[in-house]
Amino acid sequence: MELVEDTLAVDLDTFLARPLFCFLATSSPDGPRVSPLWYLWEDDAVWIAVNPDLKSYPGRIESDPRTALAVVDFDASRGLVQHVGMRGEASVEAFDSGRAKRLFRRYLGPEEGWDGRFHAVFERSDRYRLVRFEPETVVARDQTYAPGGL
């Protein structure tokens, strides 16, 4: 992974540990597509849990693994604008329940409080996969500003 530009006020791992949405860009015959998703940054890769029967982006990844991914943290009241953009390749991998649980805990907290549909993922794990996005290049920018009177 090549870090092309880094102006973040925090290190990259700290930024990517925040429970933000990532935006995964894939190619399709009709042009580019973007999917907002939960993710886990682990082992220098982005991991996304998916049921390929319900979502179309795993098929697009299998057709063309070249992908891009962005993570943005924005808060107008504080003037916070931090962005990480990545280019690389993605693959559809076997489901790993441990990794998927770590991903869900980031957004949902302890398992006892999860909505039943998230527990159902593990009851039907044969239907699920993980998308692994491995960045080749990364641009990390902090464009935070002094907020005006919103």
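User: What separates the mean positions of the positive and negative charges of the protein?

Analyst: This is a predicted model. In it, the mean positions of the 18 positive and 25 negative charges lie 5 Å apart.

User: What makes the radius of gyration of the protein agree with a compact globule?

Analyst: Set the value against the rule. A compact globule of 150 residues would have a radius of gyration near 15 Å. The protein has 16 Å, so the two agree. The C-alpha trace spans about 50 × 40 × 30 Å along its principal axes. As for the surface, the accessible area is about 8300 Å², and carbon and sulfur atoms hold 48% of it. Of the 150 residues, 40% count as buried.

User: Which elements does the protein have, and in what order do they run?

Analyst: There are 4 helices and 8 strands. From the N terminus the order is β-α-β-β-β-β-α-β-β-α-α-β. Contacts also reach along the chain. Among those between residues at least 6 apart in sequence, 71% join residues at least 24 apart.

User: Why is Thr67 called buried?

Analyst: The cut-off for buried is under 20% relative accessible area. Thr67 has 6% relative accessibility, so Thr67 counts as buried. This residue sits in strand β6. Beyond its neighbours within four places in sequence, Thr67 is in contact with ten residues' worth of cover, including Leu24, Ala25 and Thr26. Others among the contacts of Thr67 are Ile61, Met86 and Phe133.

User: How do you know that β2 and β6 pair?

Analyst: Pairing needs at least two bridges. β2 and β6 (residues 66-75) have 4, in the antiparallel sense. One partner pair is Ala25 with Ala68 of β6.

User: What makes β2 and β3 a pair?

Analyst: The same threshold of at least two bridges applies. Here 5 bridges join β2 to β3 (residues 33-37), and the strands run antiparallel. Thr26 stands opposite Arg33 in β3. Phe23 stands opposite Pro36, also in β3. In this hairpin, 6 residues lie between the strands, and Gly31 takes a positive phi near 115 degrees.

User: Which residues of β2 are on its covered face, and which on its uncovered one?

Analyst: Cys22, Leu24 and Thr26 form the covered face of β2 (residues 22-26). Phe23 and Ala25 form the uncovered face. Why the switching from one residue to the next? Side chains in a regular strand alternate between the two faces of the sheet.

User: Why is Arg102 called partly exposed?

Analyst: Buried ends at 20% and exposed begins over 50%, with partly exposed in between. Arg102 has 35% relative accessibility, so Arg102 counts as partly exposed. Its place is in helix α3 (residues 97-108).

User: What does Arg102 touch, not counting residues up to four places away in sequence?

Analyst: Arg102 touches Leu40 and Glu42. The C-alpha atoms of Arg102 and Tyr39 are separated by 9.8 Å, and these two residues are 63 apart along the chain.

Terms used
Residues are numbered from 1 along each chain as its sequence is written. This is a predicted model: local features need pLDDT of at least 70, side-chain atom pairs count only at pLDDT 80 or more; totals for chains, interfaces and linings use all residues. Side-chain values use heavy atoms; hydrogens and water are left out. Buried means under 20% relative accessible area, exposed over 50%, partly exposed in between (1.4 Å probe, protein chains only). Helices (H or I, at least four residues) and strands (E, at least two) are DSSP runs, numbered from the N terminus. The radius of gyration is taken over C-alpha atoms; the globule rule is 2.2 Å times the number of residues to the power 0.38. Contact means heavy atoms within 4.5 Å. Accessible areas come from the Shrake-Rupley method with a 1.4 Å probe; for residues, only the protein chains shown count as cover. Lys and Arg count as positive and Asp and Glu as negative; His and the chain ends are not counted. The place of a charge is taken as NZ of Lys, CZ of Arg, CG of Asp or CD of Glu.
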